[in-house]
Amino acid sequence: MRWSASFFGRGLIRLFSSAAVAVSVLILGIPLAALLWTAADFLSGISLLDLLLDRTWTPGFAVPQFGLLSLVVGTFQVAVVALLTGGIGGVLLGWWSVAAREDFVRKRLGKWIGWYSVTPGLAWAFLLLVFLIPLLRAVLLQVGVELGGYSGLAGGLGVGTVILPGVASRVRRRARDGVSRWSLSAVGLGLPNHVVTRTIVWRDVSATLGPVMLLALAEAVAESVVVTLVAGQTPRSGLSLSQPVQTVGAFLVQTSLGDVSPGSPGRGPVAFVALLLLAVCALFAASAKCGGKLGGFIKEDTSSNSIPPSVWKHPEGYLRRPEKRGKGGWAYTAAWGAGLPALVLWILLLGYALAGAAGWLRGTLSSTGASFQIPFVLWGGLWLVLLSTAGAAVLSLGLLLCEAPRSDYEKYRFTQALGVWIERARSVPPVVWGVSVVCALPWVDGAAGSLGGGVWALLCCLLPYGLRNMRKTAGRVPSSVWTAAAGLGLDRKIVWRDLILSYPKRTLLGTVIETAAARMSEAGPILIVGAVVLVTFPPMSLSDPLATAPTHGFFWLTRLEAGFGGAAALLLCLWFGAAHLLRWWGRRLQSTGARSRPW
Amino acid sequence: MVTASKAPDILVDELRVHRGKTRILDIDELTFPGGTISVLLGPPGAGKTLLFFCLDRLVEEMEGLKVTGRIRLGDEEISSIEPVTELRRRIAYVPPQAPAFPGTVLQNLCYGLAAQGLSGEEDQRRRIQETLAPVGLWEIFQEWREREATRLGPPDQGLVAIARALVLSPSVLLLDEPVLGMDHSGGRRIEELVRNLEGRMTVLWATRNARQAARVGKYAVFVKSGRVVESGSVSGLFTAPMRRETEDYLLGRNP
Amino acid sequence: MRVPSWLERSRFLGGDFGLDRSVPIREIHNRCGGVSTVRRPPRHGVHAAGSRTARLGRRGGLVVFLGVVWLGVGCTESQSIRIDGSSTVFPLTEMVIVQYRESDPSARLSCGISGTRGGLRKFLRGDIDVCDASRRMQAGERAQAEARGLRFLELPVALDGIVVAVSRGNDWCFDLSLNELRRIWSRDAQGRLNRWDQVRTGFPDRPLKLYGPGVDSGTYDWFVQAVLEGESGSRGDYTASENDDVLVNGVGADPEALGFFSYAAFRAGRGRLRAVAIRGGDPDETGSPVIPDAESIRDRRYKPLSRLVLLYVREDRLGDETLSRFLDFYLRRAGSLAETVGLVALPEREYLQGLRTLGLMSENKKGAFAGNGPPLHQVALRGGRP
């Protein structure tokens, strides 16, 4: 199809798309290049043997030591504990939310997955620090094991709870896909429902457990904030779980709390470690994808073979065990017990938040300095999210406009390949983006720690997800429509303007908003960009210092003076409430946009 | 040769299905003779799949549908056959474009056998041979045994789906558009297979393609908008339809 | 089968298969005897011109509104003051900011905790206006300032002590000599000295877990200078955190832990901690161990771990009215506020000296804050508003 629209219209769109391509490449490429450059600079100054064989990682000290082993061992310990608790727990939760025989149990477990996924990791860290670790310590003391205030075990538990909802929802989605795909065929042959789930669907789900665990491992390794709070920061290479350990994420956060501006000795090691983390996460993501292909990941298809979920309600299909009088079945107990930590946490969080709110209204919070900070922090966070969302939306749209329909593939191969690589950047942990942006900002005075730096870091996190979601939305146009339009000799511009862009406009906006809401909880990259001002004012320009709710919550949670706990809980509740509202709004935009779409 | 237990008749009596206030299926009386291949012909949305769901009581799993009427399989009422999974084994339903189960072709066939209680390898192999050899599928099965079923092409997956149903030795086989989307040779292969089944079991074949219906079946039923418009032998229906709607459909005329 | 006459004549279904784009869809529908599904174009979207204008108008209005809000809040802005540096001084600075805002709500003050070393680095680069420091500038930093031509003021604001603390569950360690401290923290001890009985023979054979500030902290620098004099650094295998509260939590929870942090942090976590008395602050290492508290720090008896905490200010920024007012307020209030955050107040004359230094630099400015205001004690009596 050729352009036959007016020259002006064509030129404007071309200008916009080329600008979007250029800006995206710069925004994502400059930080990564700076990261590589700083890390290479650092590596050239130390010996490789030291790096591999030395047993302590103390790069900041007067006589620095660069033994990666302690970092690697610490990260490994925490990740293993996290996989054993959160990974396995997530698989169980996700699987039984589809395979349990009782309808009530399935619904309840499904709801718990939702609760776990909206609970902030900072809140889990708080629960662990204040309640669970002392309890665990008392229990372990009976067995003769001394658990330190910070320990690898605590870190693993914290990270495990952070990765649990991701694992559970992936397993659940896969199992539900399997059910909707095969249940009609199998039930039509006379297999009862529970047999269908436990034989046919289980075989499919178990083939994907490997990739799911790999992705969970990548998330566990990249976790930075929770692990800083509960695992401690001692660089040791021992294997004892009851002692504090230092992980890669904790090192990044801890060093950047000091200073990683140019001239600081911490900069090189931080860049190098971030690069290492990037490589590890990319490797995990790639092997998960390969494993998925090997395991026969079937693409989602929307064929008409789906029995509505009511198929599960026939009593013969579920051989219900007779319920014991006076007690519920163990399945009911397990269903409630699975969500007990989330329930307890939310009750505590809301309780603390209400106490904080009461203190605010009564004026007792003012002595802690928390009172006027809360609205300023929320204001700063609002601008951060607004600017980065707008930037991601505009850039994604520009990138999307570059993409040609399949008939013009040859001409636009570059932008399609670029789009694919940008989407692959999803596997870059947000912490690494933060470090990269810091490495890229040496020449602007005071830029690190400012609103501009924060927007840049968050934009880098958002853009891959935003582009992918936008592409999936716009890509739902069936190829038959393109071919039909081509057959009628219609302009490409007309097809884009009338079919692609006007109907899903809301959907596109909705997907970007939902992506932003999902990314709002990232404290890691913002901490590292230097947004650690603990007293702040509402930012008025891009160079003003930035504070966001996760970072403030991070610090206020550990402060010993009275009142900060409540203020932290209040701030976290407000922030995550806002994230939830945004997500709801994004979903609503998507569904109203979807309704007006003909396909 | 028709044995009463092996190839029963199906009698549908006053079957009405309501969704809310609207009646979506309305059959006064319909008989499918045992041991023959009957064809259900009709446009999409006519109620062919719904009739199949009524026959094997899958319609009870659907929300919001109210079913009245009686269906008899041979001498028994289907509502009296318990457990319902036993009914569904005897009346096997194969959905359109049925996807292959995960695993090899052998594992696909054994899912149903294991549910029936046949779990030994030898027993399973023997049963598969007993059921597939008479219809000419045994050689193909030997060749495909260890192949990953999901990697097969759509025509082959369709064959596996029918084989899955056949190893359960059903008395009635409900095939819902089994050759949908297949190319000519794949479709012909399935038609041959089903023709081999004549006499061993009652087969109901739902299709939209009148030519295919003429090739495969002995008896035909034309349904439209939830009603049976006309039924009878295939040759009679296609040469001299009695209803105007049947003629319009066969000639491609739309009102 | 009868073929209708229109079918024979039709271009669409007859011989000619060229399509005419000008024929609207409905006509094709009629001529072909009905197509099974026809999608009508939806009502909203492209075809309703009014809605598009309305949408543009709404969006434009939103942008304008946000811009007005941004500017409106910004209209009341004054110059921003950036403070950064030590986490020890931070509670005092924070308290001063909270109170200063009551008198001047439009002031734009921000304060971070990069640590003394990090803060001084930013200060020398010119990124911040005021640096909280828990130690004085070292020779290298002063040289850097010289090289850049940066002139600055040193304003002491309080006294602090570095407390070596253990958990209350620790029932064996009540005092330590400087030598023992040196042995525990020196670089040679890394990986070697990790049990309590290696510190002193009477102590139980239990693992020794160390906590302390990181290398960017002034507390760390001072500790190294005071305890490990002559060495270039300490051991590295301890839990290092810039955040004093993390250290307090860690030490307080573990009876086998030993950590050092500021007196302010110790005060805040007093319930779980016990300060270790330090022996050997005199040159000849005699004398009884000294417990750190407000008096021993003020009298400088708690040696060598008491120190001055101070502010560094850029001279060229002193022309800004907000900054000089803020500093004036700070120096006047630091004495009374220091106690509340756990630092130790300096004698009054030090604050007056600081005010005079400020006044000297800004003597061309008239007004109540130019160094010739009422004396400090009168200010305190009158409730704080000069």
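# Reading the labels in a predicted complex

Guide: Welcome! Of the 599 residues in chain A, 57% count as buried. Please keep in mind that this is a predicted model.

Visitor: What makes up the secondary structure of chain A?

Guide: Chain A has 22 helices and 3 strands. Its accessible surface comes to about 24,000 Å², and 68% of that belongs to carbon and sulfur atoms. Among contacts between residues at least 6 apart in sequence, 79% join residues at least 24 apart.

Visitor: Why is helix 15 of chain A called mostly covered?

Guide: Helix 15 spans residues 430-439, and 9 of its 10 residues are buried. Among them are Val431(A), Trp433(A), Gly434(A) and Cys439(A).

Visitor: Why is Cys460(A) called buried?

Guide: Buried means under 20% relative accessible area. Cys460(A) has 0%, so it counts as buried.

Visitor: How do you know that Cys460(A) is in no disulfide?

Guide: A disulfide needs two cysteine sulfur atoms within 2.5 Å. The count over all chains comes to 0 disulfides. For Cys460(A), the nearest cysteine sulfur is that of Cys461(A), 6.9 Å away.

Visitor: And why is there no bond between Cys111(C) and Cys131(C)?

Guide: The closest cysteine sulfur to that of Cys111(C) is in Cys131(C), and at 9.9 Å it is too far for a bond. Cys111(C) is also buried, with a relative accessible area of 0%.

Visitor: What makes Glu60(B) and Arg57(B) a salt bridge?

Guide: The cut-off is 4 Å between a side-chain nitrogen of Lys or Arg and a carboxyl oxygen of Asp or Glu. Here the N to O distance is 3.0 Å, and the side chains of Glu60(B) and Arg57(B) meet in a salt bridge. A search of the whole structure finds 47 salt bridges over all chains.

Visitor: Are the two partners, Glu60(B) and Arg57(B), buried or partly exposed?

Guide: One of each. Glu60(B) has a relative accessible area of 34%, so it is partly exposed. Arg57(B) has 8%, so it counts as buried.

Visitor: What is notable about the phi of Arg57(B)?

Guide: Phi of Arg57(B) is near 65°, a positive value in a residue other than glycine. Most residues other than glycine have a negative phi. Arg57(B) lies in the loop between helix 1 (48-55) and strand 4 (65-73) of chain B.

Visitor: Which phi does Glu177(B) have?

Guide: Glu177(B) has a positive phi of about 45°, although it is not a glycine. Its place is in the loop between strand 7 (172-176) and helix 7 (184-196) of chain B. With a relative accessible area of 12%, Glu177(B) is buried.

Visitor: What kind of peptide bond joins Glu82(B) and Pro83(B)?

Guide: A cis peptide bond, with omega about -10°. Pro83(B) is found in the loop between strand 5 (76-77) and helix 2 (84-90) of chain B.

Visitor: Why is it said that Lys209(C) and Asp254(C) tie together parts of the chain?

Guide: Lys209(C) forms a salt bridge with Asp254(C), with the closest N and O atoms 2.9 Å apart. Lys209(C) lies in strand 6 (residues 209-212) and Asp254(C) in the loop between helix 9 (244-253) and strand 8 (257-262) of chain C, so the pair ties together parts that are 45 residues apart in sequence. Both Lys209(C) and Asp254(C) are buried.

Visitor: What makes Arg332(C) and Asp328(C) a polar contact?

Guide: The limit for a pair of N or O atoms is 3.5 Å. The side chains of Arg332(C) and Asp328(C) are joined by a polar contact of 2.6 Å. Arg332(C) lies in helix 12 (residues 321-341) of chain C, and it is buried at a relative accessible area of 9%.

Visitor: How do you know where to be careful in chain C?

Guide: Chain C averages a pLDDT of 76, and 72% of its residues score at least 70. Among its elements, helix 14 (residues 376-381) has the lowest mean pLDDT, 36, and strand 3 the highest, 93. Over residues 362-386 of chain C, pLDDT stays under 50. Where pLDDT is low, the predicted coordinates should not be read in detail. For the complex, the predictor gives an ipTM of 0.88 and a pTM of 0.82.

Notes:
Residues numbered from 1 in each chain as written. Chains lettered and ligands numbered in written order. Predicted model: local features only at pLDDT ≥ 70, side-chain atom pairs only at ≥ 80, totals over all residues. Heavy atoms only, no water. Helix = DSSP H or I, 4+ residues; strand = E, 2+ residues; numbered from the N terminus. Buried < 20%, exposed > 50% of the residue type's maximum accessible area, 1.4 Å probe, protein only. Polar contact = N/O pair within 3.5 Å; in protein donor to acceptor, adjacent residues only side chain to side chain. Contact = heavy atoms within 4.5 Å. Areas by Shrake-Rupley, 256 points an atom, 1.4 Å probe, with all protein chains shown as cover. pLDDT = per-residue confidence, 0-100.
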